[in-house]
Amino acid sequence: MYRPARVSLTSRFQNPYVVFFAVVAGVVILAVVIALLVHFLAFDKKSYFYHSSFQILNVNYSDQLNSPATQEYRTLSGRIESVITTTFKESDLRNQFIRAYVVKLRQSGSGVIADIVMKFKFSRSNNGASMKSRIESVLRQMLNKFGNLEIDLPTEITTITDQDAVHIFAQECGARPGLMTLSEERVIGGTRAEEGDWPWQVSLRLNNVHHCGGILISKTWILTAAHCFRSNSNPSRWTATFGVSTTFPKETKRVNTILIHNNYNSITHENDIALVKLSQPITFNKNIHMVCLPEATQNISPGSTAYVTGWGSQINGGNTVTDLHQGRVYIISNNVCNAPISYDGAVLPGMLCAGLPQGGVDACRGDSGGPLVQQDSRRLWFLVGIVSWGDQCGLADKPGVYTRVTAYRNWITQQTRI
């Protein structure tokens, strides 16, 4: 009788390499399957933005709510954001809610309306209409959580695109990329800036060559230093460019008017401030928009962090650079700055010092007229200083000296109505 050949069970698995590769292949396949499941269940999510307006019934509108620089504006906005955040964090949308942000407080009769943008992350498979309905349902639970704030719930919540959200924030002052996307901002403090990092930075060019920095404070006005125009103050010779590169700017505008402080003193550097008006308004976008101006009473604390930006030379006596650079410094009190080892009384009340005790980070030639900015509790950026003067660049005990913007806040308003 014919008998087929038999293969013993032991001979099938006697090769250890076959066993090894079979196990490895199985593990790899399993890992890929798990990774795909995790990705689609946890990470395949899309950001959704919603815009709405809340009427605050028991808060009377005042001029103090007209500017994000005031403590009243910060306090009320912070309270509204906190309540919305708490409401969603205690709801079944806690894992989808990212952030709420008051983009504007405006007047409605004698009351206040808060315009708000909210960001969520939902799975792409979710239905947008049903998500909007769930958000509205959670917000209806918020009435009893506003404490002593009486609110009128929004009649409508509008779904907006990422581009809409960016546009909304670009119209407000002091927003950097992380704020506009309602995400965490990049850690900064290195040397080279990325496009849009400092969207209010301007290059003021004399005969089409970078000469000074400037700060965009509206669609038509730029703030800078008076000493930038000692050699030439004819507006027709000046242009303003925008973007991180002076070689390949994003926008270029002609200058219409140059206003230099009447009491500027080139010897003492007192009143080193000027305004430049553009011939045509600039269109704001995520990479080009204005910084916030401080209130005249805003406190600038010694030891607090600030950032200076510009295209100035990297070493004393060096050439300017073509890519925007940034430096992290600390505010230094005028008393310390006026010590005999430092500037020995030359720093006047309308000036501000910032740097590092050991030196090494400082503004330099070509940075004049540029911004010194600080971030507030709501992650908006405020202008506190204008690059003015100093003893060389980056020396120990010789920090940069800036025009103190709070001291000239009223002058800026008189000239520009801002």
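This tour moves through the pockets, the nonpolar cores and two buried polar or charged residues of a predicted model.

**The largest pocket**

Begin by selecting Asn66, Ser67, Pro68, Arg409 and Ile418, which lie nearest the centre of the largest pocket among the 24 residues that line it. The volume of this pocket is about 590 Å³, and the elements that give two or more residues to its lining are strand E2 (97-108) and helix H8 (409-416). If you colour the lining of the largest pocket by residue class, you should find 13 nonpolar, five polar and six charged residues.

**The second largest pocket**

Next, select Gln314, Gln326, Gly360, Val361 and Asp362, the residues nearest the centre of the second largest pocket, which has 23 residues in its lining and a volume of about 370 Å³. Strand E12 (305-310) and strand E13 (325-332) each contribute at least two residues to that lining, and the largest share, four residues, belongs to E13. Here the lining divides into six nonpolar, 14 polar and three charged residues.

**The nonpolar cores**

Now hide the pockets and show Leu204, Leu216, Ile217, Ile222, Leu223 and Phe242, the residues with the most contacts inside the largest nonpolar core, which has 60 residues. Centre the view on Ile217 and, leaving aside residues up to four places away in sequence, look for its contacts with Leu223, Leu275, Met290, Val291, Leu293, Ile412 and Ile418. One of these contacts, Ile418, was already selected as a residue nearest the centre of the largest pocket. A second, separate core of 30 residues can be found by selecting Ile56, Phe88, Met131 and Val138, which are among its members.

**Glutamate 81**

Move to helix H3 (residues 71-89) and pick out Glu81. Is this side chain's residue buried or exposed? Glu81 counts as buried because its relative accessible area is 11%, which falls under the 20% cut-off. Beyond residues up to four places away in sequence, Glu81 touches Ala100, Tyr101, Val102 and Arg378.

**Glutamine 201**

Finish at Gln201 in strand E6 (residues 201-206), a residue that counts as buried because its relative accessibility is 3%. Which residues does Gln201 touch, not counting those up to four places away in sequence? They are Gly213, Gly214, Phe242, Thr309, Gly310, Trp311, Leu324, Gly370 and Pro371. With Thr309 there is also a polar contact of 2.6 Å between the two side chains. As a last step, draw the distance between the C-alpha atoms of Gln201 and Val244, which are separated by 8.0 Å although the two residues are 43 residues apart along the chain.

Notes:
Residues numbered from 1 in each chain as written. Predicted model: local features only at pLDDT ≥ 70, side-chain atom pairs only at ≥ 80, totals over all residues. Heavy atoms only, no water. 1 Å grid on protein atoms, 1.4 Å probe; cavity = no way out; pocket = protein on both sides within 12 Å on 5 of 7 lines; lining within 4 Å. Points joined across faces, edges and corners; volume = space filled by probe spheres on them. Nonpolar A, V, L, I, M, F, W, Y, C, P; charged D, E, K, R; others polar. Core = buried A, V, L, I, M, F, W, Y, C linked by side-chain atoms within 4.5 Å. Buried < 20%, exposed > 50% of the residue type's maximum accessible area, 1.4 Å probe, protein only. Contact = heavy atoms within 4.5 Å. Polar contact = N/O pair within 3.5 Å; in protein donor to acceptor, adjacent residues only side chain to side chain.
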